[in-house]
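This briefing is meant for someone looking at the structure for the first time. It begins with one chain as a whole and then moves on to its parts, to the nonpolar regions and to the charged pairs.

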Amino acid sequence: MENTVIKAENVSKKYCRSLKHVMLYGVHDIARNTLGLSSQSERLRDGEFWAVDDVSFEVKRGETLGIIGPNGSGKSTMLKLINGIFMPDKGRIEIKGRVGALIEVGAGFHPMLNGRENIYVNGAILGMSKKEIDKKFDEIVDFADIGEFIDAPVKHYSSGMVVRLGFAIAVHCEPDILLVDEVLAVGDVGFQNKCFNKVGELRKKGVTTILVSHNMHIISAFTINALVLNNSRATYFDSVVDAIKEYTNIFIDKQDSDIEKVCNGTDGIKFFDVAIDRRIFKPGESFVFSAKYEASVDYSDTEIDVGIYCGGDSSLYFQANNKAYNQRIDIKKGIHSLKITIKDIRINNAVAKIGIAIWAKDRTNLLFWWRIPVEFKGVDHSTGRNFLNLLYEIGD
Amino acid sequence: MKTENVTVYSPDRILKIGLVAVWKELFLSLLKSRELIWRLFLRDFSAKYRQSLLGVLWAVLNPLITVGIFVFLNKSGVFNIGSIDVPYPAFALVGLTVWALFATGLTVSSNSIVAAGAMVTKINFPKSSLVIASMGQAVVEFMVRLCLTIIVFVIYGIVPAWTAVLLPLAAIPVFLLTLGMGFFLALLTGIFRDTVHVVVLFTTFLLFLVPVLYPIPDSGLFAAVNAFNPLSHLIVGFRDLVFLGKLSSPAGYFGSCLFSLVVFLFFWRFFQIVEPKIAERV
């Protein structure tokens, strides 16, 4: 208990679908509260529904908790509840220390003021005193790294710059608890790395972190335990691997177990005798795809994409392409066969799709595209995390 | 290890903590957010006149033009205010000075939460700071007009009564009344956007109903209506301190001061009750 920093007990939050009801219920609740009566928030009224339903969990000092779930499952609402922007309608949340939120960084910026002025305003909104901001000012400017734009009005910033400055202020307010929503996905690769390093640095200092993301790679790499939200309800997992398994399971029902034959050839080429050697994998196993084709013309220098997709929105997880390996593939006129092998896939417990696409030169024409539902079973205990296997040798 | 504040979020928490704790929390949070209020005020002030040619000059031009119009109307006989002992521009400016505190204050404060936009729904901070900080604009306008008034007094060679030094004090009840109403209207605007239009109508109408630009007639319906209007008492009292050297209706004036204080305290507390619901209702 001593070390528990965030404690949520049976937390529920309701939303209302129609704007008319929002106004009506708003006035009703306020009137009741003014008379000292409870708003009876535990009851659902016409048009209301639970956006977060009976969620309980604890996070200890220095831990990182991942929150994953499909779109609309209540992740952002949960973050807003922890941040205190929304009050729970049932249950209670106990928070120890200052909360820093990387939810919508830069929300408090005034477009007419320049970067410097906005650092002071936004810092004050996030609860920093002028002395604190003075002390951190150079660090913030350094971190944001937006050059001379620091003296330009924020309305002239690119969206990336707004995020950089907003993020820089938010991470420098010395939070005890850091809430990270998908923001890290914004900004270029250089800045993303900087952000991850900074978040890592804060975690080392004992900052408790909650990470919300659709990117299972990020979740798997950064968190140890995770909360899976689905239809407003939550399940807590001690192991992020199990959580990701649960998350991908959510999509099993929605996922068509049939192969999606998006494209099976064109006028110039037809594919037949397509075969896949397996649909269920253990970590380290390989995937072999074989097919025959009959081409009436030559397709020189084709491109073949192999992707692994996870989650309901089938967001890309890993992708490989022959061009990246400087492999030239020419398709010759006549009947030939084709075999593609992906070796040593190490993805822990997940439901996914393997996509194979064949393009004519310079991607001018799609010749073939199948998406094949597969399942990864078991855990690679050497890492406990998800990785594509990197084969390399180091010589003397 | 540093001591950490424990924050608890639960439904209707603010209704359950008891009367003493409620007011303690109100004052503590005001104390804690004074820096934020100052920053927000500076932000509004410096952003207001950016990208304009005349800049801060507008703060002076606005009241000058308003008074100019009424002086013109008075001189041309369209607007007859009856007899007063002092030059009309001086008389009108004193009224318009204290009026600015109320009218500008009411307009900006009722708009303050909606105008803050995404900030309200995305960041957790004391929202009352937005309303209080917006009142800063009204205070600035009040002070600019006060300086103008002094200049006009010098030009006309009018010597005000010694009680004029009490003017800053007399501004306080007007400020509290406006802020109190502002707390309420800011929330109302959050739920019903119509409020903004109503406030504009209301203040325009009130400018003529309240004796800002003319003295209260001694008798008649108008005198009776004003006798029960706290704002009238506060404005007349303000002007009495300049021209009369004493309050013409002390009972009415102090009663109105008390009324202002009650309005402020009530709606301050009201705001605290509603504050947790703002983010989801705006």
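In chain A of this predicted model, 51% of the 396 residues are buried. The chain holds eight helices and 20 strands, and its C-alpha atoms fill a box of roughly 85 × 55 × 45 Å when this is taken along the principal axes. The points below are grouped by topic.

**Chain A as a whole**

- Chain A exposes about 18300 Å², and carbon and sulfur atoms supply 50% of that area.
- Among the contacts in chain A with a separation of 6 or more, 73% are between residues that are 24 or more positions apart.
- The domain assignment divides chain A into domain 1, covering 4–250, and domain 2, covering 260–388, and the C-alpha centres of these two domains lie 37 Å apart.
- A:E375, which lies in strand β19 of chain A, is separated from A:G47 by 328 residues in sequence and by 39 Å in space, C-alpha to C-alpha.
- Once the neighbours within four places in sequence are left aside, A:E375 is in contact with A:K245, A:R279, A:I280, A:F281, A:A350 and A:V351.

**Nonpolar cores**

- The largest nonpolar core has 88 residues, and the members that touch the most other members are B:Y88, B:W99, B:I113, B:F183 and B:L213.
- Helix α5 of chain B, residues 88–116, gives this core its largest share, which comes to 15 residues.
- With the neighbours within four places in sequence left aside, B:Y88 is in contact with B:F70, B:V71, B:N74, B:F79, B:I81 and B:L213.
- A second core, separate from the largest one, has 46 residues, including A:Y120, A:V163, A:I169 and A:A170.

**A nonpolar patch on the surface of chain B**

- B:W162, B:V165, B:L166, B:L169 and B:I172 together make a nonpolar surface patch of about 560 Å².
- B:W162, one of the residues in this patch, is found in the loop between α7 (128–156) and α8 (167–191) of chain B.
- The relative accessible area of B:W162 is 64%, and this residue therefore counts as exposed, given that the term applies to values over 50%.

**Salt bridges**

- Over all chains, the count comes to 24 salt bridges.
- A:K14, A:D29, A:R45 and A:E48 are linked in a network of salt bridges, and within it the side chains of A:E48 and A:R45 meet at 3.2 Å, N to O.
- A:E48 has a relative accessible area of 9% and is therefore buried, since that word is used for values under 20%.
- The side chains of A:R92 and A:E94 form another salt bridge, at 3.1 Å, N to O, in which A:R92 is partly exposed, with a relative accessible area of 31%, whereas A:E94 is buried, with a relative accessible area of 18%.
- A further salt bridge joins the side chains of A:D301 and A:R328, at 3.9 Å, N to O.
- This pair links distant parts of the chain, 27 residues apart, with A:D301 in strand β14 (residues 299–310) of chain A and A:R328 in the loop between β15 (315–321) and β16 (329–331) of chain A.
- The two partners also have different surroundings, as A:D301 is buried, with a relative accessible area of 10%, while A:R328 counts as exposed at 54% relative accessibility.

**Residues with a positive phi**

- Most residues other than glycine have a negative phi.
- A:D54 has a positive phi of about 55° although it is not a glycine, and A:D54 lies in strand β2 (residues 48–60) of chain A.
- A:D54 is partly exposed, with a relative accessible area of 36%.
- A:D362, also a residue other than glycine, has a positive phi near 60°, and its place is in the loop between β18 (350–359) and β19 (366–376) of chain A.
- With a relative accessible area of 53%, A:D362 is exposed.

Technical notes. Residues numbered from 1 in each chain as written. Chains lettered and ligands numbered in written order. Predicted model: local features only at pLDDT ≥ 70, side-chain atom pairs only at ≥ 80, totals over all residues. Heavy atoms only, no water. Core = buried A, V, L, I, M, F, W, Y, C linked by side-chain atoms within 4.5 Å. Buried < 20%, exposed > 50% of the residue type's maximum accessible area, 1.4 Å probe, protein only. Helix = DSSP H or I, 4+ residues; strand = E, 2+ residues; numbered from the N terminus. Contact = heavy atoms within 4.5 Å. Patch = residues over 30% accessible without salt bridge, like charges linked within 9 Å, V, L, I, M, F, W, Y side chains within 5 Å. Areas by Shrake-Rupley, 256 points an atom, 1.4 Å probe, with all protein chains shown as cover. Salt bridge = Lys/Arg side-chain N within 4 Å of Asp/Glu carboxyl O. Domains from an automatic or database assignment.
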